[in-house]
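User: I would like to go through the charged side-chain pairs of this model, and then one backbone feature. Please reason briefly before each answer.

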Amino acid sequence: MHIENWDDYRFILAVVEHGSLNAAARALGVNHATVLRRVTGFQDRHGVRVFDRDSHGYRLRADQAGLIDALATLRTAFEATERAVMGQGAGIRGPVKITSTDSLCSTVLPPVVAELRQHHPDLSLELLASNSRLNFGQLDAEVTIRPAEKLSDELVGVEVAKLAFTVYGHEDYLLNHPKNTPHQWLVGSGPLLRSPAGVWQLANIDPENVNFAADSFISLRELCLSGLGLAILPCCIVPQTSRLKRVGGFFDTMDVGLWVANHRDMDAVPRIVACRSFLSEALAGYKDIFAGEITFR
């Protein structure tokens with residue numbers, strides 16, 4: 001079987017991994033019709049039937065598992081080649097995608113990235129705010145600034161600070177909350193469940209006392225500002241001028257390491273090394289803010 005190029009099979013793999021045409025289209029950033037056309041074209045050109053369709057979506061045929069394994073291996077080789085090609089050439093210039101959480105992208109990172117751009121004017125920077133884990137193997141981003149207990153095997157980097165969390169409540173909510181009654185809580189959902197706050201809430205908060213849930217600490221902060229209950233928030237996203245007050249008595253300390261990292265295969269690329277080095281040094285200067293000892297803004 002002759003496989004023309006990456007586009008010829010990335011659609012097949014996307015449907016296998018995401019289970020439906022719509023989900024594959026969202027992952028690839030195209031529409032449903034494009035995925036259907038590419039999958040149908042692949043099958044027609046090669047005279048194979050890769051999927052059976054049922055009520056749950058597109059199911060891989062058992063006799064095509066070997067094909068998918070081969071395509072996945074080919075994708076890994078393609079990605080490694082692409083990273084190597086992107087790493088060619090001397091000098092600190094060219095595009096760099098930097099990803100972090102929406103909490104950091106809306107507070108500390110904009111001035112830091114602005115300084116990075118001034119320091120290395122030949123870089124073309126893109127800041128991606130996402131609380132989900134991105135695929136560095138597929139070059140969704142080159143540099144990441146993430147809270148984590150440790151880095152995954154594909155990444156190399158340095159821990160620059162500890163990101164602290166505290167329980168907050170609006171001063172009016174705290175003033176009017178009846179004593180000896182359970183608090184209402186605003187809790188994390190989705191990717192936030194992997195955070196220290198998410199782990200604690202699952203173990204300690206009665207679902208009956210949950211008022212709202214959100215997959216963003218920025219959203220939880222705004223809900224908390226509306227007086228709807230208590231929320232566990234990164235200290236760095238609550239400014240001193242806010243009417244949110246820290247609430248003690250729930251836990252002594254809660255923090256997680258904050259890392260600046262990049263993919264192992266790009267660890268010798270000049271622009272990536274320069275970005276990681278600058279960001280690591282700059283963000284280490286914010287360690288008191290990340291630790292909640294002083295406030296941002």
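User: How many salt bridges does the count come to?

Analyst: The model is a predicted one. A pair is counted when a side-chain nitrogen of Lys or Arg lies within 4 Å of a carboxyl oxygen of Asp or Glu. By this rule, the number of salt bridges is six.

User: Which residue forms a salt bridge with R243?

Analyst: The closest N and O atoms of this pair are 3.1 Å apart. R243 lies in the loop between β9 (230–234) and β10 (244–246) and its partner in helix α7, so the salt bridge ties together parts that are 71 residues apart in sequence. R243 is partly exposed at 38% relative accessibility, and the partner is partly exposed at 34%. That partner is D172.

User: Is R221, which meets E222 in a salt bridge, buried or exposed?

Analyst: The side chains of R221 and E222 meet at 2.9 Å, N to O. E222 is partly exposed, with a relative accessible area of 38%. For R221 the value is 13%, and the cut-off for burial is under 20%. R221 is therefore buried.

User: Which residues are joined into one network by salt bridges that share partners?

Analyst: The pair of R243 and D172 is a salt bridge. Through shared partners, salt bridges make one network of E171, D172, R243 and K245.

User: What is the phi of N180?

Analyst: N180 is found in the loop between α7 (171–176) and β7 (185–188). With 84% relative accessibility, N180 counts as exposed. Although N180 is not a glycine, its phi is positive, at about 65°.

Note on methods:
Residues numbered from 1 in each chain as written. Predicted model: local features only at pLDDT ≥ 70, side-chain atom pairs only at ≥ 80, totals over all residues. Heavy atoms only, no water. Helix = DSSP H or I, 4+ residues; strand = E, 2+ residues; numbered from the N terminus. Buried < 20%, exposed > 50% of the residue type's maximum accessible area, 1.4 Å probe, protein only.
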